[in-house]
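Student: I should like to learn how to read the features of a protein model. May we work through one together?

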Amino acid sequence: MNDENLARLAELALDRQGEHSSLFYQGIWHTNAELADRASRLATGLAGLGVSPGDRLLVLMANCPEVPITYTAAWRAGAAVTPLIFLVSEDELRNALVDSGAVGVVTTAEFLPKVTAAVAGAPGVRFIVCVEAPAGAGATVHDFADVAAAAPGSIVSRSGSDLAALLYTGGTTGRSKGVPLSHANLNWCGQAVDKDSPSSQLTSHLIPLPLAHAYGLLVLCVGMHRENPSQMYLMRWFDPAGWVALAEEHKIQGTALVPSMIAMLLAQPLESHDLSALTSVSSGAAPLPAEVRRQFQARVPNATIYEGYGCTESATIISSNPPGRDRPGSVGLPVPGCEVSIQSGTGEVLAAGQDGEICVRSPGVMSGYWNTPDMAHVLGGGWLHTGDIGHLDEDGYLYVVDRKKDLILRGGFNVFPRDVEDVLVSHPAVAQAGVVGRPDDRLGEEIVAFVALAPGSSVTGPELVAYAKEHLSAAKYPRDVRIVATVPLTSVGKLDRKKLREWVSAG
């Protein structure tokens, strides 16, 4: 058995740590042994539904114990998981099903109508497994508990190079793409963070991040490498007041957040709660404003915010701030085994202090986008070209100065303007659309769309907001749509985003 197989790593972690209460969710404790047994049984049940090694299994659930159970079960059966945030629209879900070639979906009853509708346009999907499936859901819908009632089975052997997860992200260029990550990719990232993380010795961790997000998946992989027992307090989704209540009641020591969550917590009466046990806050997925960092650490003085940097294409981790050597404003040092090079547009390696594209080489880097044969622009010269702009200082600390200008980071989620523009232009009254981001204290950035109407057409900005909401996930649809006479173009006929940003700045 290859020890890079994530299912095997989970099994080894159980043997190493011994049985203990490991997952707290909505007032109930679950032991690691219980979760492992349920995963083993579910793996047998999935195999009974025809899941074979190499198949993709799409997972669409809010945070709950069934998410890590499903991931482990899929890996035990030799399959790969394709997690999606439950906020995706029906269209986005259908596209992922078709593009990934998923054979099945695991979901919960609240999302079953959306899943059923999306599956109708994805003929490759053979079954749906639903937690607490309603009666009369259909012949292809199987209740999670029934599928997981099978006998425990053995782990299907998989090598480190085999696919473990197919994550959908904005990528570094163009539309949303599938990022294939192998067992070796995810094993390495979990091991690297466990060795380098300021929270590696802590025993209680509060997790509000969606486990379907690459950042949330990283948390699970790190747990497979822990030497000593630790406890995860899992939130269904982030709720600022709920986070504070859990952190106080359970004397939480560590947590992982994105900057928009930290900003939302500042609206809570933090000083009225005993958060003295909290010592480590990991921040990633988007730049953390210096003022947000300053305010949080002033109001929760025992806690240190450790900024890190990564992307889905690098199995989520590139750099982090080491305990005792954190450098505010920096996203830290490259984690062990990762190389960072700052390069010019012609591939020249730049000196310390010079801004250029952040390029990365590590065992976590993907092999290439799913169903995308030409990867020279992303993986040229053996380096992952992130599209982000930054520099290294004389001590090797990385600073992210800017990012690919078109990408919008809203609440920790990547939003590509073209995805939004394509939806807006699909409205019969819209002739042209241009989308950019504007700074937002709570979310990092908010989406602004400028729209030119077709001759003789009439539609309002709020109507277009509602239209976009029907076709895009909550993270992607614009809340601000402005009708203009014409959308500005460059001299070669391309959308002039620079001009759009000037319009946003001018109000």
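**Reading burial, contacts and packing**

Tutor: Ser341 counts as buried, because its relative accessibility is 7% and the cut-off for buried is under 20%. Please keep in mind that this is a predicted model.

Student: In which strand is Ser341 found?

Tutor: Ser341 belongs to strand β17, which covers residues 339-343.

Student: Which residues is Ser341 in contact with, leaving aside its neighbours within four places in sequence?

Tutor: With those neighbours left aside, Ser341 is in contact with Val349, Glu357, Ile358, Cys359 and Trp383. In addition, its side chain makes a polar contact with the side chain of Gln343, at 3.3 Å.

Student: How should I read a separation in sequence beside a separation in space?

Tutor: Two cases may be set side by side. Ser341 and Ala109 are 232 residues apart along the chain, and their C-alpha atoms are separated by 47 Å. Glu445 and Ser260 are 185 residues apart in sequence, with 9.5 Å between their C-alpha atoms.

Student: Is Glu445 buried or exposed?

Tutor: Glu445 is buried, since its relative accessible area is 14%. This residue is found in strand β24, and its side chain reaches the backbone nitrogen of Leu409 at 2.8 Å.

Student: How do I recognise a salt bridge, and how many salt bridges does the count give?

Tutor: One looks for a side-chain nitrogen of Lys or Arg within 4 Å of a carboxyl oxygen of Asp or Glu. By this rule the count comes to 25 salt bridges. One of them joins Glu446 and Arg410, whose closest N and O atoms are 2.8 Å apart. Glu446 lies in strand β24 (residues 444-453) and Arg410 in strand β21 (residues 408-410), so this pair ties together parts that are 36 residues apart in sequence.

Student: Are Glu446 and Arg410 buried or exposed?

Tutor: Glu446 counts as buried, at 6% relative accessibility. Arg410 is buried as well, with a relative accessible area of 9%.

Student: What salt bridge does Arg38 form?

Tutor: Arg38 forms a salt bridge with Glu66, and the closest N and O atoms are 3.2 Å apart. The pair links distant parts of the chain, with Arg38 in helix α2 (residues 32-48) and Glu66 in helix α3 (residues 66-76), 28 residues apart. Arg38 is partly exposed, with a relative accessible area of 23%, whereas Glu66 counts as buried at 14%.

Student: Which side chain meets that of Glu227 in a salt bridge?

Tutor: The side chain of Arg16 does so, with an N to O distance of 3.9 Å. Here 211 residues separate the partners: Glu227 is in the loop between α8 (214-223) and β11 (231-234), while Arg16 is in helix α1 (residues 6-17). Glu227 is exposed, with a relative accessible area of 53%, and Arg16 is partly exposed, at 34%.

Student: How is the packing of two helices described?

Tutor: Two packed helices are described by the angle between their axes and the distance between the axes. In this model, α1 and α3 pack at an angle of about 120 degrees, and their axes are 8 Å apart. The two helices are therefore oblique to each other.

Student: Which residues make the contact of α1 with α3?

Tutor: Leu6, Ala7, Ala10 and Glu11 contribute from α1, and Thr72, Trp75 and Arg76 from α3. These residues divide into four nonpolar, one polar and two charged. Furthermore, Glu11 and Arg76 are linked with Arg8 in a network of salt bridges.

Note on methods: Residues numbered from 1 in each chain as written. Predicted model: local features only at pLDDT ≥ 70, side-chain atom pairs only at ≥ 80, totals over all residues. Heavy atoms only, no water. Helix = DSSP H or I, 4+ residues; strand = E, 2+ residues; numbered from the N terminus. Buried < 20%, exposed > 50% of the residue type's maximum accessible area, 1.4 Å probe, protein only. Contact = heavy atoms within 4.5 Å. Polar contact = N/O pair within 3.5 Å; in protein donor to acceptor, adjacent residues only side chain to side chain. Axes fitted to C-alpha atoms, helices over the stretch in contact; angles between N-to-C directions. Parallel < 35°, antiparallel > 145°, perpendicular 65-115°, else oblique. Nonpolar A, V, L, I, M, F, W, Y, C, P; charged D, E, K, R; others polar.
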